[in-house]
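Got the viewer open? Switch to a cartoon view, keep the selection box handy, and we'll walk through this one stop at a time.

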Amino acid sequence: MNFDRNCLRLYAVTDRAWVGRQTLCQQVEAALQGGATCVQLREKQLDKAAFLAEARQIAALCRRYGAPFIVNDDLDIALACGADGVHVGQDDLSAAEVRRRAGSRFIVGVSAHNAEEARLAEAAGADYLGAGAVFGSATKTDASLLTPAGLREICAAVRIPVVAIGGVNARNIRELRGSGAAGAAVVSAIFGAPDITAACRELRALADIL
């Protein structure tokens with residue numbers, strides 16, 4: 001899987017809260033049809049067997065669309081399902097350990113909240129950073145707000161690409177312009193939308209001019 005900053009343009013992060021009318025796989029396909037450039041599977045509720053089965057389905061779906069597939073937090077699931085990478089937080093497995101276990105071609109993403117965390121993650125082998133929460137977060141109530149200046153500092157501190165996350169939607173995504181971010185990671189504005197494909201088309205058009 002070729003991976004560069006363009007893969008982060010519209011980074012869709014799943015959330016089971018909106019599963020119902022469609023399955024999660026159907027929602028992910030709708031996002032890919034609308035122009036999502038990367039998919040992260042975030043699961044906090046499923047047991048390991050169900051998580052792995054779902055991850056394998058979505059990994060196959062992303063391969064069909066040529067989009068990188070990233071698993072949140074769980075390296076074992078990521079490796080077992082054939083994901084392209086894993087995203088870890090500051091309290092999860094270190095980027096260096098992920099790199100040691102998964103190899104040089106595996107995509108490693110790390111959450112960073114300041115320039116120092118960003119530099120350390122890059123030095124440990126991260127391929128990209130997730131920086132936020134840039135506009136607050138409905139999915140992580142304990143997430144601290146990252147100021148526009150803080151986002152610019154993170155982007156300037158590293159050579160690897162940075163994706164902005166946290167409350168991003170079609171109304172505020174333009175505010176990321178000039179920050180240095182490669183793109184936006186979006187949760188509810190994609191998976192909570194009544195028409196996921198249409199929402200992604202709008203977000204992708206806006207993300208393409210960041």
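What follows is a short tour of a predicted model, from a pair of annotated aspartates out to the helices and strands.

**Stop 1: Asp73 and Asp92.** Select these two first; the UniProt record, an unreviewed entry, lists them under "binding site". They span 20 residues in sequence, but no two of their C-alpha atoms are more than 6.6 Å apart, so they gather at one spot. Asp73 sits in the loop between strand 3 and helix 3, while Asp92 belongs to the loop between strand 4 (85-88) and helix 4 (95-102). Buried or exposed, or in between, for Asp73? Asp73 is partly exposed at 26% relative accessibility, and Asp92 is likewise partly exposed, at 31%.

Now show side chains. Asp73 makes a 3.2 Å side-chain polar contact with Asn72. Leaving out residues up to four places away in sequence, Asp73 touches Lys44, Val86, His87, Val88, Gly89 and Asp92. The side chain of Asp92, for its part, reaches the backbone nitrogen of Gly89 at 2.6 Å.

**Stop 2: the other annotated set.** Next, select Gln40, Leu41, Arg42, Glu43, Lys44, Asn72, Ser111 and Lys140, which the same kind of unreviewed UniProt annotation, "binding site", covers. Arg42 is in the loop between strand 2 (38-41) and helix 2 (48-65), and is buried, with a relative accessible area of 13%.

Then centre on Ser111, in strand 5 (residues 107-112). Ser111 counts as buried at 16% relative accessibility. Which residues does Ser111 touch, not counting those up to four places away in sequence? They are His87, Val88, Gly89, Gln90, Glu117 and Gly130. Draw a distance between the side chains of Ser111 and His87 and you'll find a polar contact of 2.9 Å.

**Stop 3: strands 5, 6 and 7.** Stay with strand 5 and bring in strand 6: the two pair in the parallel sense over 4 bridges. The chain gets from strand 5 to strand 6 through helix 5 (residues 115-123), in a right-handed β-α-β crossover. To find the register, pick Val110, which stands opposite Leu129 in strand 6. Leu129 also stands opposite Val162 in strand 7, and strands 6 and 7 (residues 162-165) are again parallel, over 3 bridges. Flip strand 6 (residues 128-131) over and you'll see both faces covered: Tyr128 and Gly130 are buried on one side, Leu129 and Ala131 on the other.

**Stop 4: helix 2.** Select this 18-residue helix, which runs 26 Å from its first C-alpha to its last, close to the 26 Å expected at 1.5 Å a residue. At its start, a side-chain oxygen of Asp47 comes within 3.2 Å of the backbone nitrogen of Ala49. Just after helix 2, Gly66 has a positive phi of about 70°. Colour its buried residues, including Phe51, Leu52, Ala55, Ile58, Ala59 and Cys62. In an α-helix, residues three or four places apart point the same way because there are 3.6 residues a turn. Among the elements covering the buried residues of helix 2 are helix 1, strand 2, strand 3 (69-72) and helix 3 (75-81).

**Stop 5: helix 1.** Finish on helix 1 (residues 24-33), which is mostly covered, with 7 of its 10 residues buried. Leu24, Cys25 and Val28 are among them. The buried residues of helix 1 pack against strand 2, helix 2, helix 7 (188-191) and helix 8 (196-207). Step past the end to Gly35, where phi is positive, near 115°.

Note on methods: Residues are numbered from 1 along each chain as its sequence is written. This is a predicted model: local features need pLDDT of at least 70, side-chain atom pairs count only at pLDDT 80 or more; totals for chains, interfaces and linings use all residues. Side-chain values use heavy atoms; hydrogens and water are left out. UniProt positions are given in the numbering used here, feature names are shortened, and annotations may be inferred rather than shown by experiment. Buried means under 20% relative accessible area, exposed over 50%, partly exposed in between (1.4 Å probe, protein chains only). Contact means heavy atoms within 4.5 Å. A polar contact is a pair of N or O atoms within 3.5 Å; within protein, one must be able to donate a hydrogen and the other to accept it, and residues adjacent in sequence count only if both atoms are side-chain atoms. Two strands pair if DSSP finds at least two bridges between them. A crossover is right-handed if, with the strands pointing away from the viewer, the path from the first strand over the helix to the second runs clockwise. The expected span of a helix is 1.5 Å times one less than its number of residues.
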